[in-house]
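Trainee: I would like to learn how to read a structure by asking one question at a time. Could we go through this one together?

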Amino acid sequence: MDIWQHLLGGFGIALTPMNLFYAFIGVLIGTMVGVLPGIGPMSGVALLIPVTYNLNTASAIILMAGVYYGAMYGGSTTSILLNTPGESSSVVTALDGYEMAKRGRAGSALSIAAIGSFVAGTFSVLMLNLLGPSLAKVAIRFGPPEYFSLMLFGLTAVAGFAGKSRNKAFLSLFIGMLISMIGTDLVSGSERFTFGISNLSDGIDFIIVSIGVFALGEVFTTIVEMNKGKQTRFRIEGKIWPSREELRRSVGPIARGSVLGFFIGVLPGAGATIASFIAYDLEKRISKFRHLFGKGAIEGVAAPESANNGAAGGAMVPLLTLGVPGSGTTAILLGALMIHGITPGPLLFEKNPDVAWGLIASMYIGNLMLLVLNLPLVGLFAKIIDIPQVYLLPMIIIISTLGIYGVSGNIFGLWLLLFFGIIGYFMKRYDYPGAPMILGLVLAPLMEQSLRQALIMSNGAYTIFVVRPISLVLLLLAAAAIVVPLLLRKKNGKFDQVEKDMEL
Amino acid sequence: MEKNSVFDRYVSGFTFLLGLLVIIYSMVLPKPIFAGQMGPGIFPTGIGVLIVIVSAVLFRESGKEGRTGTIAQPTSDQQVTTEKLFNRHLLIVIVALIIYILLFQILGFVISSMAMILALGWLLGARKWIPLTLISVLFPTALFLLFGMLGVELPAGIIHF
């Protein structure tokens, strides 16, 4: 069967009333998560895992992926109207988007953002659709040594790009890996780091850490910063639809942003935020209207908003074909799939075509839904930000505790949640990125398993990782991922502005 | 800025010791039964070594920043937090959460959550009673029913549906 037949099968799954409903709920929650500054795609997806516990796998992943790419749409709304980005991936959109709103062109800015997001989102699904299965065919020949090296590369790349201090990112990563070691080692049967506490013998669920560090940590941070002065908010005046001139000027930035975003998204480490900055920077260099940048240039909205959506789609490629997430949010998606007994990877397209193709088909549909949701209803979504924090924060706390109780079924999980919430608060205040921690937590057990299998293959000789060519190349890439950012950093400090709190 | 690097120094000092303890702990984990098989201690030992190394580097880095004050300035001023690390609101929320967790199983999800939203909302400064009461009653009830439909078990506590 060729991919189009598979895709048709996927649409058969995605178009069932149930899955259409889940896709819709997913993108709706995603848009809201995108609009609200306090809550990002990582907490959004993590909070939904307990809810989707008893759904079938395809529906669960359709719902959660919808939140992920939906958040990329919503992020621009408050950037443009309020100069307060809903997501870090829309920080750069505020530069020109807010200026456009000041000049009474909020409507065009919002609609160009939605159109660019749609084009990029659809482009990246198409690429996933075309490239995914062939990439999976290559990866199917990967043995345990290759997987180990691949995951090592993924981890070094993510930590290498993240945060203001790479050392803090690496520390966060290693602590995440350490947390994953707590519990019973399934191979030897011996307990590790449990210190006789029976509640720990099953390990600490990654959902507790994700919701604690992200959702609860964000709640604590928001509470401390509450009651700050409000910024002027612009109304959407006149028509929403952009003028023909604006549309024409946006074609190039949207096309370049989509392609750039997708490929940056595929690479481990550089997520939607970096993609949006690079796309903005590129347009600023090559545009005919570069003198207007920062003064309300439509290109400055079109390019980054396309790029962040392209990147969100691109990040799904390594997740689905290799089973190795390149970002925090996709790490949570990986964990969610594993809860449902599915390990993404090259076999996913063969063994669980309903999940792989159902998801891909639902992403086409979800992007269409988002376009419809975001064009006429954008004013409505902008109102979400009017919900006072005093109502919103207790509600997020309740959803967090409820979710964790649903997962762990005991009060001990709730104490851990509080503990990780406080840790997450300190991490946010002192610039320790949380995404690497989640990535380490999810990937370390898989790495240990690959390492074990590889060493059995080689009778205990570690040389197996360097004598196999693919593994060697991946290890060299991992080394490069540590060295190259060091060199880049010396040359220009450009990434510094992105690095403060990246959504990885 | 100075305070940041002091915090980093404490953290890296702590994680350095933690890493050492992890290495020692992993060494005493049982050896594999079959030769050639990887024991449960190998991987954690590696993690411990990495933690020790990166903590040492971070410790040195934070020391430098503390002395020379050359830490990179945050570029977008909207992200600079000038607030204190702990303020009254944060302490209220943490205490409320502790009480909430303690009451969670006794009172059940619905009642404890209603009390939580009502109390926390009021303590954080909400004074419009009608929306506050409505949210605190409707939101937990809706969640309870939703999770019930999805088959997630929650403590019903003193109310039984």
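Mentor: Let us begin with one residue: A:Phe193 lies in the loop between strand 2 and helix 9 of chain A. Please keep in mind throughout that this is a predicted model.

Trainee: Is A:Phe193 buried or exposed?

Mentor: A residue counts as buried when its relative accessible area is under 20%. The relative accessible area of A:Phe193 is 7%, and therefore the label for this loop residue is buried.

Trainee: What is the phi of A:Phe193?

Mentor: As background, most residues other than glycine have a negative phi. A:Phe193 is a residue other than glycine, yet its phi is positive, with a value near 55°.

Trainee: Where does A:Asp431 lie, and what is its phi?

Mentor: A:Asp431 is found in the loop between helix 19 and helix 20 of chain A. With a relative accessible area of 9%, A:Asp431 is buried. Although A:Asp431 is not a glycine, its phi is positive, near 60°.

Trainee: Which residues is A:Thr221 in contact with, leaving aside its neighbours within four places in sequence?

Mentor: The place of A:Thr221 is in helix 9 of chain A, and its relative accessible area is 9%, so A:Thr221 counts as buried. Once the neighbours within four places in sequence are set aside, the contacts of A:Thr221 are A:Tyr425 and A:Lys428.

Trainee: Stepping back to the whole chain, how many of the contacts in chain A with a separation of 6 or more come from residues 24 or more positions apart?

Mentor: Chain A has 23 helices and two strands, and 65% of its 504 residues count as buried. For contacts in chain A with a separation of 6 or more, the share that joins residues 24 or more positions apart is 80%.

Trainee: How many residues of chain B are in contact with chain A, and which three residues supply the most of the area that chain A buries against chain B?

Mentor: On one side of this interface are 69 residues of chain A, and the residues of chain B in contact with them number 73. Together the two chains bury about 6500 Å², with 75% of that area on carbon and sulfur atoms. Of the area that chain A buries against chain B, 11% is supplied by three residues, more than by any other three: A:Tyr391, A:Leu402 and A:Tyr430.

Trainee: Which side chains meet in a salt bridge across the interface of chain A and chain B?

Mentor: Seven residue pairs are in polar contact between chain A and chain B, and the rule finds one salt bridge across their interface. The distance in that salt bridge is 3.0 Å, N to O, and the side chains that meet are those of B:Asp8 and A:Lys168.

Trainee: Which helix of chain A gives the largest share of the side that touches chain B?

Mentor: Several elements of chain A give two or more residues to this side, including helix 8 (166-181), helix 9 (206-224) and helix 18 (389-408). The largest share is 11 residues, and the element that gives it is helix 18 of chain A.

Trainee: Which helix gives the most to the nonpolar patch, and is B:Val95 buried or partly exposed?

Mentor: The nonpolar surface patch covers about 600 Å² and is made by A:Trp415 together with B:Val95, B:Ile98, B:Ile99, B:Leu102, B:Leu103 and B:Ile106. Six residues of the patch come from helix 3 (residues 88-107) of chain B, which gives the most. B:Val95 is found in that helix, helix 3 of chain B, and because its relative accessibility is 46%, B:Val95 counts as partly exposed.

Technical notes:
Residues are numbered from 1 along each chain as its sequence is written. Chains are lettered from A and ligands numbered from 1 in the order in which they are written. This is a predicted model: local features need pLDDT of at least 70, side-chain atom pairs count only at pLDDT 80 or more; totals for chains, interfaces and linings use all residues. Side-chain values use heavy atoms; hydrogens and water are left out. Patches are made of residues with over 30% relative accessible area and no salt bridge: like charges are joined within 9 Å, nonpolar side chains (Val, Leu, Ile, Met, Phe, Trp, Tyr) within 5 Å. Accessible areas come from the Shrake-Rupley method with a 1.4 Å probe; for residues, only the protein chains shown count as cover. A salt bridge is a side-chain nitrogen of Lys or Arg within 4 Å of a carboxyl oxygen of Asp or Glu. Helices (H or I, at least four residues) and strands (E, at least two) are DSSP runs, numbered from the N terminus. Buried means under 20% relative accessible area, exposed over 50%, partly exposed in between (1.4 Å probe, protein chains only). Contact means heavy atoms within 4.5 Å. Buried area is the accessible area (1.4 Å probe) that two parts lose on being put together, summed over both. A polar contact is a pair of N or O atoms within 3.5 Å; within protein, one must be able to donate a hydrogen and the other to accept it, and residues adjacent in sequence count only if both atoms are side-chain atoms.
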